[in-house]
Amino acid sequence: MVVLAKAELEQIALPAAQPPMAHVRTVDLSAATGAGRAAAARALVAACEEQGFFKVTGHGVPQGLVRAVETAAAGFFALPPAEKEASAGMPLGYSSKQIGTGGDLGFIEYLLLCLTSAGTLPAASFPFSALPCAAAAAAAADVSLSEPSCPLRDLLEEYAAAVRRMACGVLELMAEGLGIGPVDAFSRLVTDADSDNMLRVNHYPPAPRPELQQGSLLTGFGEHTDPQIISVLRSNGTSGLEIAARDGAWASVPPDADSFFINVGDTLQVLTNGRFRSVKHRVVVSSERSRVSIIFFGGPPPGQRLAPLPQLLGDGGRSRYREFTWKEYKSSSHRGRLVDDRLCRFEN
Ligand SMILES: C=C1C[C@]23C[C@@]1(O)CC[C@H]2[C@@]12CC[C@H](O)[C@@](C)(C(=O)O1)[C@H]2[C@@H]3C(=O)O
Ligand SMILES: O=C(O)CCC(=O)C(=O)O
Ligand SMILES: [Fe+2]
């Protein structure tokens, strides 16, 4: 449950404009082999340059695993508030309505978790003892799990590892498409033992009826770009995600529960010297159905020095960004608001 006071609801109300449907490029990863590999790599690069956003099919992440995680997540959010709050540990763990520490509000509740490079969830950063077992969570939501004894933690770890593998494949294809070497120039940044990878499970309950009747929608997750290298998002097939084009126009992403959506993050924009763009996106709560989304964020190790790759500086050799570390970027960005332009402080 997400409880907002009247003033808070007013703060996150949006005009009830229905943006057009986005045309989202789709890349079939199962076709990215042999003769099809170069074409898939070119398609990825084109999508990252144009929108910083695309969809992947043929991704190899087992549908059974995806459905089990989604079911367990829905079960977790269906638990009584006090049980969910036992997993609170701001900024990590369970939280509702507050996003970050800069005052952003949304019609959302979520779990935000740090991952180790292997996709496991380090015990130190989160009170896992408080995470209920998936079976209890599923029972609360009156849903059945194929593996009822599997704790939510185990499911999330298995999911994170599978999605990270897929993300690495995508990052390697990007490097190939850009013609840069080594092929793991990007992917090694999310597979390092110290990589700052995160997993986020978001739940947007249906918007309260009176708000919809007054002709306004609610902000689920305010507009922002993701700071990391790559984000891999999936949802339960409920609409709400919107992306902004280069001219700032919003477009609604057609939901697809079987595919993954990939966002270029700010760090990949820097590494490619602005050739790839980090996509501005938001979630609008307009639906009468709950939206559950799960996002893997691939971030570099804290001490990683970040600057445009020399191979991507172009003819003039001009670097659009000064060198900085991920720790520096993260601490500078995590002080502000979602909507802030975080990269401008690092432009040359
Ligand atoms: C307001 C904020 C929340 C956020 C950190 C920030 O200061 C700006 C970026 C936000 C974001 C967006 C992508 C991810 O959801 C996230 C975990 C991240 O790394 O950057 C969130 C941060 C958050 O929710 O704490
Ligand atoms: O929940 C979603 O669909 C998107 C959320 C998002 O952009 C984020 O968590 O960074
Ligand atoms: Fe995001």
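Which residues surround ligand 2? The model that answers this is a predicted one. In it, ligand 2 is surrounded by Arg200, Asn202, Phe221, Asp226, Leu233, Ser235, Leu241, His281, Val283, Ser293 and Ile295. Four strands give two or more residues each to this shell: β7, β9, β13 (281–285) and β14 (291–298). By type, the shell divides into five nonpolar, four polar and two charged residues.

Now turn to ligand 1. Its surroundings count 17 residues. The closest are Gly100, Gly102, Asp226, His334 and Leu338. Asp226 is a residue to remember, as it is among the closest to ligand 1 and also belongs to the surroundings of ligand 2. Which strands each supply at least two residues of the shell around ligand 1? They are β6 (104–115) and β7 (197–204). So β7 deserves a second look: it supplies at least two residues to the shell of ligand 1, and two or more to the shell of ligand 2. The shell around ligand 1 holds seven nonpolar, six polar and four charged residues.

Step back to the whole chain. It has 348 residues, and 42% of them are buried. Its secondary structure comes to 10 helices and 16 strands. How much of the contact pattern joins distant parts of the sequence? Take the contacts between residues at least 6 apart in sequence: 76% of these join residues at least 24 apart.

Next, follow strand β9, which spans residues 230–235. Are its residues buried or exposed? Six of its six residues are buried. Ile230, Val232 and Arg234 lie on one side of β9, with Ser231, Leu233 and Ser235 on the other. Both faces are covered. Two of these residues, Leu233 and Ser235, also appear in the surroundings of ligand 2.

Strand β9 has partners. Six bridges join β9 to β14, and the two run antiparallel. Within this pairing, Ile230 stands opposite Gly298 of β14. β9 also runs antiparallel to β12, with four bridges between them. Here Ser231 is the bridge partner of Asn263, and Val232 is the bridge partner of Ile262.

Strand β12 covers residues 260–264, and five of its five residues are buried. Its two faces are both covered. Phe260, Ile262 and Val264 are on one side, while Phe261 and Asn263 are on the other. What does β12 pair with besides β9? Strand β3 (residues 53–57) pairs with β12 in the antiparallel sense, over four bridges. Asn263 takes part again: it is the bridge partner of Phe53. Asn263 is thus bridged to Phe53 and to Ser231.

Now for the helices. Helix α3 runs from residue 63 to residue 77 and has 15 residues. How far apart should its ends be? At 1.5 Å a residue, the helix should span 21 Å, and its end C-alpha atoms are indeed 21 Å apart, so the two values agree. Most of α3 is covered, with 11 of its 15 residues buried. Among the buried ones are Val66, Ala68, Val69, Glu70 and Phe77.

Glu70 is worth a stop. This residue lies in helix α3. Why does Glu70 count as buried? A residue needs 20 or more other C-beta atoms within 10 Å to be called buried. Glu70 has 22 C-beta neighbours inside 10 Å, so it counts as buried. Setting aside neighbours within four places in sequence, Glu70 is in contact with Asn236 and Val292. Val292 falls within the residue range of β14. Thr101 is 31 residues from Glu70 along the chain, and their C-alpha atoms are separated by 27 Å.

Compare Glu158, whose place is in helix α6. Glu158 has 17 C-beta neighbours inside 10 Å, so it counts as partly exposed. Glu158 and Glu176 are 18 residues apart in sequence, and their C-alpha atoms are 28 Å apart in space.

Helix α6 leads to the last stop, the nonpolar core. The largest such core has 84 residues. Leu44 and Met174 have the most contacts inside it. Which helix gives the most to this core? Helix α6 (residues 152–178) does, with 13 residues. What does Met174 touch? Leaving out residues up to four places away in sequence, Met174 touches Leu44, Val45, Cys48 and Phe186. Leu44 and Met174, the two core residues with the most contacts, therefore touch each other by the 7 Å cut-off between C-beta atoms.

How values were computed:
Residues are numbered from 1 along each chain as its sequence is written. Chains are lettered from A and ligands numbered from 1 in the order in which they are written. This is a predicted model: local features need pLDDT of at least 70, side-chain atom pairs count only at pLDDT 80 or more; totals for chains, interfaces and linings use all residues. A residue is near a molecule or strand if its C-beta atom, placed from the backbone, lies within 6 Å of it. Ala, Val, Leu, Ile, Met, Phe, Trp, Tyr, Cys and Pro count as nonpolar, Asp, Glu, Lys and Arg as charged, and the others, Gly among them, as polar. A residue is buried if 20 or more other C-beta atoms lie within 10 Å of its own, exposed if 12 or fewer, and partly exposed in between; C-beta atoms are placed from the backbone. Two strands pair if DSSP finds at least two bridges between them. The expected span of a helix is 1.5 Å times one less than its number of residues. A nonpolar core is a set of buried Ala, Val, Leu, Ile, Met, Phe, Trp, Tyr and Cys residues joined through C-beta atoms within 7 Å. Two residues are in contact if their C-beta atoms, placed from the backbone, lie within 7 Å.
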